[in-house]
Amino acid sequence: MDKEMLKLYFIMGSNNTGDRNPEQVLQKALQGGITCFQFREKGQGALPEEEKWKLGRKLKAQCAAFHVPFIVNDDVDMAIRLEADGIHIGQEDDPASKVKERCPARMVIGVSVRTIEEAHQAAADGADYLGVGPMFATDTKEDAKAPVGLEGIRRLRAEGITLPIVGIGGIDASNAADIVEAGADGVSLISAISLADAPEKAARELRSRLNGPTEKQ
Ligand code: TZP
Ligand code: MG
């Protein structure tokens, strides 16, 4: 896996965009320079199976046009059905080792972790990257646990976790660079782009704060 893809990792479902059309929001985010996208159709107002698949197919095509990887949250069957580039799972889901057995080998597997133990387990299970958080307080995830802060990432690195890491939770342009400075390879976020007045501008601003070798303008 090329960890550069984790630099600016946008996550969104149809219930994260307020009154706006998710396809339009994603298009703006892609134009603004996101490097990865996760389709997270979850929580209140999430679409049922067939609607989810239809939207996923459209979002995947949009990502493909920008050569941006398309990752599906939680739903392994949907990820396979959509021929996604990857799957992202949490602690409540099957272990990465089991998910890996079901998915095509080319698919990237990301795992959400909060503690050292969870990180070591995810690494042993064959995760390709870790989502660490919540970094800061967030209103986006209804059941979010207590924030781990920058120290959460520093500790994982100090404990020898070498897998690519993205921070998640409460990240915006004001704190994105701190996440990378703490040892992460990138940031993942929902509302800082999905609910921004101008999602393209928000993505562009985040990219400029994260200055990387693959920066697109
Ligand atoms: N997992 C931990 S925090 C979070 C998820 C999915 C929500 C992130 O949303 P936001 O709006 O970027 O804080
Ligand atoms: Mg999950």
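In the next few minutes I will go through the ligand site and then the enclosed space in this structure, which is a predicted model.

Let me begin with ligand 1, which sits in the largest pocket. The residues around ligand 1 run from Arg-40, through Thr-138, Thr-140 and Lys-141, to Ile-168, Gly-169 and Gly-170, and then to Leu-189, Ile-190 and Ser-191. If we sort this shell by character, we find five polar residues, three nonpolar ones and two that are charged.

Which atoms of the protein come within reach of the oxygen atoms of ligand 1? From the side chain of Thr-138, an N or O atom lies 2.6 Å from an oxygen atom of ligand 1. The backbone contributes as well, with a polar atom of Gly-170 at 2.8 Å from a ligand oxygen and a polar backbone atom of Ile-190 at 2.9 Å from a ligand oxygen. As for cover, ligand 1 taken alone exposes 380 Å², and 93% of that is buried by the protein.

Now to the enclosed space, where the count comes to one cavity of 30 Å³ or more, with a volume of about 30 Å³. Its lining is made up of Tyr-9, Ile-11, Gln-38, His-88, Tyr-129, Gly-131, Val-166, Ile-168 and Ser-188. Strand 1 (8-12), strand 6 (129-132) and strand 7 (165-168) are the elements that each give two or more residues to this lining. By character, the lining holds five nonpolar and four polar residues, and no charged ones.

One residue links the two parts of this talk, since Ile-168 appears both around ligand 1 and in the lining of the cavity.

Technical notes. Residues numbered from 1 in each chain as written. Chains lettered and ligands numbered in written order. Predicted model: local features only at pLDDT ≥ 70, side-chain atom pairs only at ≥ 80, totals over all residues. Heavy atoms only, no water. 1 Å grid on protein atoms, 1.4 Å probe; cavity = no way out; pocket = protein on both sides within 12 Å on 5 of 7 lines; lining within 4 Å. Points joined across faces, edges and corners; volume = space filled by probe spheres on them. Helix = DSSP H or I, 4+ residues; strand = E, 2+ residues; numbered from the N terminus. Nonpolar A, V, L, I, M, F, W, Y, C, P; charged D, E, K, R; others polar. Near = heavy atom within 4 Å. Polar contact = N/O pair within 3.5 Å; in protein donor to acceptor, adjacent residues only side chain to side chain. Areas by Shrake-Rupley, 256 points an atom, 1.4 Å probe, with all protein chains shown as cover. Sits in = over half its atoms within 2 Å of the grid points.
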